[in-house]
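Here's a quick briefing to read with the fold open in your viewer. Have a look at the sheets and at how the helices pack, then go through the points below.

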Amino acid sequence: MSLMSVLTRDEAQARARLLDVHRYEITLDLTRGDETFDSRTVIRFTVRGKKKAADTFVELKPADLRSVTLDGKPLDPGALDGNRLPLTGLTPGEHELCVDAAMRYSRTGEGMHRFTDPTDGETYVYTQLFLDDVQRVFAAFDQPDLKAVFDLTVTAPEGWTVLANGITAQQDDGTWRAATTPLISTYLVAVAAGPWHSVRTEHRGLPFGIHCRRSLAPYLDTDADEILDVTRACFDRYHEKFEEPYPFDSYDQAFVPEFNAGAMENPGLVTFRDEFVYRSAVTDTERQTRAMVIAHEMAHMWFGDLVTLKWWDDIWLNESFAEYMGYQTLTEATLGGSGGTPPRKWGTDTWVDFGVARKAWGYDADQRPSTHPVAPENVDDTAAALLNFDGISYAKGASALRQLVAWLGEKDFLAGINAHFTRHRFGNATLADFIDNLAGATERDVHAWADAWLRTTGVDTLTPKVTRGTDSTYTLTVDHAGSRPHHITVGVYDRDPGDDQGHLTLRESLALDIPQTGEQPIGKRPALLLLNDGDLTYAKVRFDPDSFTTVTGHLSGLPDPLTRAVVWNALRDAVRDAELPPTAYLDAARTHLPRETDLAIVQGVLTFATTQVADRFLTPDQRPAGLTTLAALCRDLIRRTEDGDNPGLRLTAVRHFIDVAAHPDTIAAWLADGTVPGGPELDPELRWRVLGRLAVLGAVDADAISEELARDPSATGQEGAARCRAALPDPEAKQAAWEAMFTTDDLSNYLFTATAQGFWQPEQTELLKEYVDRYWTDAVELAARRGPAIAEAAGRWAFPVHTVDAETLALGERCLTEAAPIPALRRKLVDQLDDLSRALKVRNA
């Protein structure tokens, strides 16, 4: 059998011209053992044309292809070439293809993933068919513009419940049958089967359900009201925005194990990673993140499911819109409903979290060699498409849409997207279709906007220049490095001379269009001029010298958290661009975080300060002092929260104190006592976190890890133990972890990631030297064997990120040139090596 083939755009367009696919009848038998399941598919389709016979192919990746018939006549199963079964001599008219095969279960989160819960031994399976993994479950003409209706029947073990895109019911013969779907794309078909714990309700006449594995039932029940409240509030808000009603017959949300993404927008059955069913204490910001993901996936019911991209170059039509709508709609839903219902805490200041956590993801991705336009024109095949699910398609695209709404006005924006839904419902659309629909709702030149924002790459930089006039008043001009137009707000802030607390007062907000026409008067010299105040555009901003002095001394005195988020992002960008010493960033954090009130900002700043500044940007000689600064900062936050008024802030401070602990005594005492003095008690997440740091420091052994695993034998406990064992500063432990990752191929996607997270530690550079050399060959071979999901994990988590030196950079560049890694690994290596090069520049500066 030849290698698996990826689908090219040219092939997809040719097949779309030839075929009209009507219906799939899919029968799955999940009772055939632990390794494979049976899959029988009947596809009814039409070949267009009048006279000429034609050839095409159907995709599948079977363990055993037992039989194929076309219009009742058998085809040779041996004709399967990789993942393509040729269909030759097709005459114009109606056809019926029947495929009977055994398919393999996955342990990498691709296709039909199978998971056995170590807590109680129960087994669960679910599908993840994005982007071209439907072929792992049933035969299909696998491209998004060949929509069809789907009928699904599933045989499952006794005691299981089967969930699918439509309402499911158990038949008299014991099988489960799902309601026929409307027209949807193949990658959106979904099945989740197992002994689920379910909470069901109704809203607006539709059945709603949330589901998880049984061992997580108490935790889901605790949060069920909140999850369903978010779901109902967003559902209602989308119906206020969109003229098209929700297009499916039910709304189920399944929290599934070992899920590779945050969630997947399968119509009627959204699947989420089950870390969103919280077993341990979390912050309100983390609850807000879960709420945003719920809102994001629900937006996809319209953007992506009702109206679907025609080819993968328009993935932004799915992800950027869901990202923007998720944050915006959650903000609106949070404000409370009719009748004076109070604001909900799970959506407060969502755009602050976006600015700190998501937008930085977009900025970073857009400055790497792998950058691409929000709407690229060169997505030639599915392998290339898979690489574009990144910070550009999500965060940059959402930022562009936020800027579009600021420029266009929400009324015209909503009119355009509602026209888009009406014209393309249950069909496919392109960027051109969307821009045409927007243009029909406004007199603005949306086509020019799209060219400037969606077809270009890179991050613009805006720098203020303040000029004094003859009358002691000042004017502002903005130096614009870049090509995009921007509609921004400029915040003009003053200090109160009598205020010894460092507070800053907003004098005025100025609306400014970039490129600028003429100078902008600003009156007397302000203490701070902040470009992009309110964070409505996507651009790096810099400070004039006087404003920078104000920022370093009075950042925490800014009144609005979104304003502070813009400033923190500017400082972050300056560090990454080697314009601000990383130690200066730590000093700013040490000065201002103890007075910060927004938890998203605290979490974002501490994460960057720990994982980037301390772990990568500081030299080995500087790192101990950096850890000391961060530990002192965390102690300040812990002391500040002793009264119990801000448990989220205290939990964040405790987590980061554990992560930066240079000596084991304090955190070892916490573990022994089972609590931090004054709280919180150490729940499973904190216990594994402490044990992981103690393992890095050589303060625990394998026996202690085994004892903790006996205490917490859950799936999360298994991952914690794998992480801790890999972190031990012991040659045998490192060798065992490396073999588990790169040789045996036994690890699931989650256990691989946990092992990789523990393996590389900046404190263990000498011990790990030999593995830096081994990584390049072993990772390339592993990716080729196990496919894109493990390749992505190997490039993201198993990369030697803490080895910041020219030799490692040279090894990586040689690997890209000589070793031919598969596309998923190549993309991660390109990004990691660019980050490594940036870290070297920061250190040298």
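What follows is a short tour of the sheets, a hairpin, the helix packing and the cysteines.

Keep in mind that this is a predicted model. Two open sheets get a closer look here: one has 8 strands, and another has 4 strands. After those come β8 with its hairpin partner β9, then the contact of α5 with α14.

**The 8-strand sheet**

- Reading across, the strand order is β5-β4-β7-β2-β1-β10-β13-β12, and the pairing is mixed.
- The edges belong to β5 (73–75) and β12 (168–170); each has a single partner strand, so one side of each has no neighbour in the sheet.
- On average, neighbouring strands here are turned by 20° against each other, ignoring direction.
- Inside the sheet, β2 (residues 36–47) and β7 (residues 93–104) run antiparallel and are joined by 12 bridges.
- If you want a landmark for that pairing, take V42, whose bridge partner in β7 is C98.
- Helix α1 (residues 9–18) packs on this sheet and touches both β1 (19–29) and β2. The direction of α1 makes about 100° with that of β1.

**The 4-strand sheet**

- This one is open too, with mixed pairing and the order β26-β23-β22-β28.
- At its edges stand β26 (520–523) and β28 (540–541), each with a single partner strand, so one side of each is left without a neighbour in the sheet.
- β22 (residues 461–468) runs antiparallel to β23 (residues 474–481), with 8 bridges joining the two.
- To find your place in that pair, look for L462, which stands opposite H480 in β23.

**The β8–β9 hairpin**

- β8 and β9 make a hairpin, with 6 residues between the two strands.
- Check G121 in the turn: its phi is positive, at about 80°.
- The pairing of β8 with β9 (residues 123–128) is antiparallel and spans 6 bridges.
- R114 has V125 in β9 as its bridge partner.
- β8 (residues 111–116) is mostly covered, with 5 of its 6 residues buried.

**Helix packing: α5, α14 and T285**

- How do α5 and α14 sit relative to each other? The axes of α5 (residues 350–366) and α14 (residues 599–617) come within 9 Å and cross at roughly 5°. That angle is under the 35 degrees cut-off, which makes α5 roughly parallel to α14.
- From α5, the residues V352, D353 and V356 meet A600, I601 and G604 of α14.
- Sorted by class, this contact has 4 nonpolar, 1 polar and 1 charged residues.
- T285 belongs to helix α3 (residues 284–300). Leaving aside residues up to four places away in sequence, T285 touches D353, L599, A600 and Q603.
- D353 and A600 are also among the residues that meet in the contact of α5 with α14.
- Is T285 buried or exposed? T285 counts as buried, because its relative accessibility is 9% and the limit for buried is under 20%.

**Cysteines**

- How many disulfides does the structure hold? There are 0.
- C98, the bridge partner of V42, is buried with a relative accessible area of 12%.
- C212 is buried as well, and its relative accessible area is 0%.

Note on methods. Residues numbered from 1 in each chain as written. Predicted model: local features only at pLDDT ≥ 70, side-chain atom pairs only at ≥ 80, totals over all residues. Heavy atoms only, no water. Axes fitted to C-alpha atoms, helices over the stretch in contact; angles between N-to-C directions. Parallel < 35°, antiparallel > 145°, perpendicular 65-115°, else oblique. Contact = heavy atoms within 4.5 Å. Nonpolar A, V, L, I, M, F, W, Y, C, P; charged D, E, K, R; others polar. Buried < 20%, exposed > 50% of the residue type's maximum accessible area, 1.4 Å probe, protein only. Pairing = 2+ DSSP bridges. Disulfide = S-S within 2.5 Å.
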